[in-house]
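Dear colleague,

Please find below the structure that I am handing over to you. A summary of what was found in it follows.

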Amino acid sequence: MLAGLLAACVPETEEKADTPSGLPVPRWVSVRGSPASMRAGPGLDYPILWRFERSGVPLQVITETREWRKVCGPDGSIAWIHRSLTSGRRRAMALQAVPMLSDPEAGADIRAQLAARGFVSLEACEGGWCAVSAGDSRGWVPETALFGPQEEALCRPEATATAGGLRVAAAG
């Protein structure tokens, strides 16, 4: 009877994904530090295609090895990044300048203006709206105005790595 009570107190754990990390793919990560080298393949012997000079850039993991993540960037580029250069912190990037609203509905009060390519922390999305925060500002942004909340894979896992064209300021 004691074993039954103990089993009832243990929370159910989610089933691990069949990936080296045990996490689902696709999934979202963000660049942890800068500069972060983006490579043509999963290893230090592969050429660097470009570098992110700013942390916080959202990336979608589309496949992985034990140490490397093949990611899709905001501009559709594909490259490999070492897992130590990523964070599980959910971030999103504005695809264009967009107001951050007080409520998830068109016409709500504007709390802040999110600049094109501006980064926000992504809290949750529902009904086509995402709760976001940036500094002291919190609000709602249409899901379609962001790179980062999508659940489907945005790039094909079998695609070849490509040079990135995204340019973001080193700070801000």
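**Aromatic pairs**

The count of aromatic pairs comes to two. In one of them, the ring centres of Trp 28 and Phe 147 are 5.0 Å apart and the planes stand at 85 degrees, so the pair is edge-to-face. This pair links distant parts of the chain, since Trp 28 belongs to strand β1 and Phe 147 to strand β14, 119 residues apart. Trp 28 and Phe 147 are both buried. Trp 50 and Phe 52 form an aromatic pair that is likewise edge-to-face, with 5.9 Å from centre to centre and 85 degrees between the planes. Trp 50 counts as buried because its relative accessibility is 9%, and Phe 52 is buried with a relative accessible area of 3%.

Please bear in mind that this is a predicted model. The values in this message are to be read accordingly.

**Nonpolar cores**

Phe 52 also appears in the largest nonpolar core, which has 14 residues. The residues with the most contacts inside this core are Val 31, Met 38, Phe 52, Val 57, Leu 59, Val 71 and Ile 81. Strands β1, β2, β3 (48-52), β4 and β6 (78-82) each supply at least two of the core residues. Apart from this core lies another, of 13 residues, including Val 98, Val 120, Leu 122 and Ala 145.

Leaving aside residues up to four places away in sequence, Val 31 touches Ala 36, Phe 52, Arg 54, Ser 55, Gly 56, Val 57, Leu 59 and Leu 85. Among these contacts, Phe 52, Val 57 and Leu 59 are also listed with the residues that have the most contacts inside the largest core.

**Strand β4 and its partners**

Strand β4 covers residues 58-64 and is mostly covered, with six of its seven residues buried. Which strands pair with β4? Strand β1 (residues 27-31) runs antiparallel to β4 and is joined to it by four bridges. Within this pairing, Val 29 stands opposite Leu 59 of β4. Strand β5 (residues 68-72) also pairs with β4 in the antiparallel sense, over four bridges. Here Thr 63 stands opposite Lys 70 of β5. Three residues lie between β4 and β5, and the two strands form a hairpin.

**Disulfides**

A search of the whole structure finds two disulfides. One joins Cys 72 to Cys 155, with an S to S distance of 1.9 Å. This disulfide links distant parts of the chain: Cys 72 is in strand β5, whereas Cys 155 is in the segment after β14 (146-147), 83 residues apart. Both Cys 72 and Cys 155 are buried.

A disulfide also joins Cys 125 to Cys 130, with an S to S distance of 2.0 Å. The torsion about the S-S bond of Cys 125 and Cys 130 is about 105 degrees, so this disulfide is right-handed. Are the two cysteines of this disulfide buried or partly exposed? Cys 125 counts as partly exposed because its relative accessibility is 31%, whereas Cys 130 is buried, with a relative accessible area of 0%. With the bonded cysteines of the protein chain numbered in sequence order, the pairing is 1-4, 2-3.

**Backbone geometry in the loops**

Where do the cis peptide bonds occur? One joins Val 25 and Pro 26, with omega about 5 degrees. Pro 26 lies in the loop between α1 (2-9) and β1. The peptide bond from Ser 34 to Pro 35 is also cis, with omega near 0 degrees, and Pro 35 is found in the loop between β1 and β2 (36-39).

Arg 117 is a residue other than glycine with a positive phi, near 70 degrees. Its place is in the loop between β10 (110-114) and β11 (119-126). Arg 117 is partly exposed, with a relative accessible area of 41%.

The C-alpha atoms of Arg 117 and Gln 96 are separated by 6.7 Å, although the two residues are 21 residues apart along the chain. Gln 96 is in the loop between β8 (91-94) and β9 (98-101). Gln 96 counts as partly exposed because its relative accessibility is 40%. Apart from residues up to four places away in sequence, Gln 96 touches Leu 114, Ala 115, Ala 116 and Ala 145.

With kind regards

Methods:
Residues numbered from 1 in each chain as written. Predicted model: local features only at pLDDT ≥ 70, side-chain atom pairs only at ≥ 80, totals over all residues. Heavy atoms only, no water. Buried < 20%, exposed > 50% of the residue type's maximum accessible area, 1.4 Å probe, protein only. Pairing = 2+ DSSP bridges. Disulfide = S-S within 2.5 Å. Contact = heavy atoms within 4.5 Å. Core = buried A, V, L, I, M, F, W, Y, C linked by side-chain atoms within 4.5 Å. Phe/Tyr/Trp six-rings, centres within 6.5 Å; stacked < 30°, edge-to-face > 60°.
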